[in-house]
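Trainee: Could you take a close look with me at chain A, one part at a time, and tell me how far each part can be trusted?

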Amino acid sequence: MSVVQQPARATTGYPPERLGAIPEPAPAGEVRLRVGALALASSARAMHEAGARFVTVFLADTPERSLIAAFALRGELILLRVPASGDAVCESIGAWWPAARWAERELAELHGIQFSGEDRYAARLTAPDPDSVERQVSGLDVFSIPYGPVRSGIFEAIQFHIETGGEDVPRIHTRPFFKRRGMEDRFVGLGPEAGVRVAERVAGIASCAYAACFAQAVERAVGVQAPRRAERWRAVYCELERMACHLDVIAKQAETTALYVGQARFQILKEQVMRLRSRLTGSRFARGMIVAGGVRGEGTMDLDELLAALDRIERDLRRDRRMFLGTASMTDRLIGSGRLPRALVEEYGAVGPLARGSGLSTDARHERPYGNYTRLGLRVVSERDTDAMARVRVRFGELSESLRILRQTVDHLRRRDGELRTELPAAGEGAACGWVEAPQGELVMWVELREGLLRRVNIASPSLRNWALFDHAFPKDVLTDFAFIEHSFGLTPAGADR
Amino acid sequence: MLEWIQRGLSQGRITTRYPRAGQAALADIATTGPTRAFLAPGARPLATRAGGLRRSIHVRHIDCGSDGSEEWEIQALWNPFYDIQRLGFFLTNAPRHADVLLVTGPVTAPMRGPLQRTWTVMPEPKALIAVGDEACSEGLCRADALTAGGVEAVMAVDVYVPGSPPPPIAILNGLLLAAGLPVPGQDGDGTAGTAGDSSARKASYGSTRTASDGSRGEAGDGVEGQEAA
């Protein structure tokens, strides 16, 4: 027990003794517990009772081949590790955590891990057939619409099976994984430097969040700390990215409610943020700036000029927001649509603006502060109305909060100078989790390094976890509400499918 | 609603001027990566294949496994800064109405069939544009069981728009090349796609086009960038 960096506390509701678990050494913020192969389901149940939130379940190779179930509980990430021996059947935790079902199916299909009590599916989740249609609802005049993977408009590929009698929607079934590129495997054998470039391309619209998450995981695995100035720059890039993503969702929300003039206004704001990023970094998605151990360099823009640009954006945003929220033809469509009760959101372990729109306050920046956010007072924006309007309000609130964080951080950058990069050890070894709050929600990555090269990377993307909830987003809504309920989720299939 | 209109009028025109070669404005609207498209060797622009097809070109998009950023950049073409409808490009949801197909991503296994079917039902003449590094070549995703490693492994590509992701101005460049419309700054200065295609394009317009080439091809006669507004 002497190697445990973080002593297990009796007050936290998960004493290792109660779980029959053995604590293992872990970097700060992570609690690693080894449990017996037969104790996983009971431990997961204990986690459920303690009020934890399911994050993901994945396969790891450090220190040995094992299955790891990750949970978030009271500011810590709890990793339950079960050594995987041969072709033993693992206990499914899907009964306690419905969110685990997709993750378990993915493991079963891609890695051949067998789960007991797992539902048998004829259709493969990870290699979907665009032509297969499965019906569950029967009745007079009920028909099934396979919507996707070729979407109308410029959208990413995903398929929805909508079973409807014309108006009400008794069942929607989401089918991701049309875009699976096997990104996790493409990390293997690369160095951390190249790995960041791959991470940026997992979900392109959240490049900085993925890059920062990967970089933090590598830093934690080899035990180095990025310099403060680098953390500040990362926060600047990540908050600009959050603004671009939220503005994009709001513009699409205006488009789906046929408020085209509003759509144009928010597209203008988004393009201004994109161009600001281009001037600051040379890339419209701020790619290439974050590296493992810090950032590549200073932004290529005068900081006073950056502050002035932020002021201009805020002035425009405030005016457009007031008009947007005051347009009844638009808000009437959103109020009461796509309700996601808080209990359902908790059950599925949903994250991000989606969860915060249903009264939860999960935000990785607040739960487990990292990087620059350990030194900032963050206001977590949460709404209790649970509908599409609440999610729009959360996004507006976060836009203001991002601007505040940006201004504060740029001010710090302007006043102090410092290092930008910590050198990584040449042949670093280790394994660790990294996490950030991406614009779509909490992103967790597990990174294993051996002799300085990446051995395994696992990504728990917010998009995949939140999409499981889409099947339940139509309690009282009709088919014509589909588009704006989908956009109110604000997710990216690229991140979900990987 | 009146307020929305007032707000729009008070802002004025914000349309971006198409950058001339080596123009400083490029830094603001583009990235450090490539900012233009390339016509595939032997590919013929739409204008050379159908005389009348010039000012009403319908565009369809299909995602075959991109990282999501290419979709953002294509969507940006219809925002008020680029507003490519004024150049005669329209977005269509039906492949049967489409003249140009924009393909993003390295073509993942489940998307191969939908891509081929989309292409098959499009009427002739039609052009296929590969948008993004992964669609143009293997890029990050080499060919394996999961992806085809680029669109050309599945079907012939007419225009390549490299970039990760390419900025909107490069995609606009690709659309102009595919359509055979004049590209500002690339006519006659030797910078156009391949050596032969700028002359081929000029020849195809015939005498009626040459007089108006300069002014009609301008992708924007508004003020330069929003800062000047």
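Mentor: Two residues are taken to be in contact if their C-beta atoms, placed from the backbone, lie within 7 Å. By that rule, 42 residues of chain A are in contact with 44 residues of chain B. This is a predicted model, in which local features need pLDDT (the predictor's confidence in each residue, from 0 to 100) of at least 70 and side-chain atom pairs count only at pLDDT 80 or more, while totals for chains, interfaces and linings use all residues. Residues are numbered from 1 along each chain as its sequence is written, and chains are lettered from A and ligands numbered from 1 in the order in which they are written.

On the side of chain A that touches chain B, α8 (260–281) and α9 (303–325) each supply at least two residues, helices here being DSSP runs of H or I with at least four residues, numbered from the N terminus. The largest share, 10 residues, comes from α8(A). By class, this side of chain A has 19 nonpolar, 11 polar and 12 charged residues, where Ala, Val, Leu, Ile, Met, Phe, Trp, Tyr, Cys and Pro count as nonpolar, Asp, Glu, Lys and Arg as charged, and the others, Gly among them, as polar.

Turning to the interior, the largest nonpolar core (buried Ala, Val, Leu, Ile, Met, Phe, Trp, Tyr and Cys residues joined through C-beta atoms within 7 Å) has 208 residues, and those touching the most other members are A:Phe214, A:Met445, A:Val447, B:Val103, B:Ile129 and B:Val159. Helix α7 (residues 228–256) of chain A gives the most to this core, with 15 residues. Apart from its neighbours within four places in sequence, A:Met445 has contacts that include A:Phe214, A:Ala217, A:Val457 and A:Ile459.

Helix α7 also appears around α16(A), whose buried residues pack against α7, α10 (328–334), α12 (352–356), α14 (388–415) and α15 (462–467) of chain A. A residue is buried if 20 or more other C-beta atoms lie within 10 Å of its own. Because seven of the eight residues of α16 (residues 482–489) of chain A are buried, this helix is largely enclosed by the rest of the structure; among them are A:Phe482, A:Phe484, A:Glu486 and A:His487. Just after α16(A), A:Gly490 takes a positive phi of about 60 degrees.

As for trust, chain A averages a pLDDT of 85, and 94% of the residues score at least 70. Over residues 1–11 of chain A, however, the pLDDT is below 50, although this stretch has 12 contacts in the model beyond near neighbours in sequence. Where pLDDT is low, the predicted coordinates should not be read in detail.

Definitions and conventions: Buried ≥ 20, exposed ≤ 12 C-beta atoms within 10 Å, placed from the backbone.
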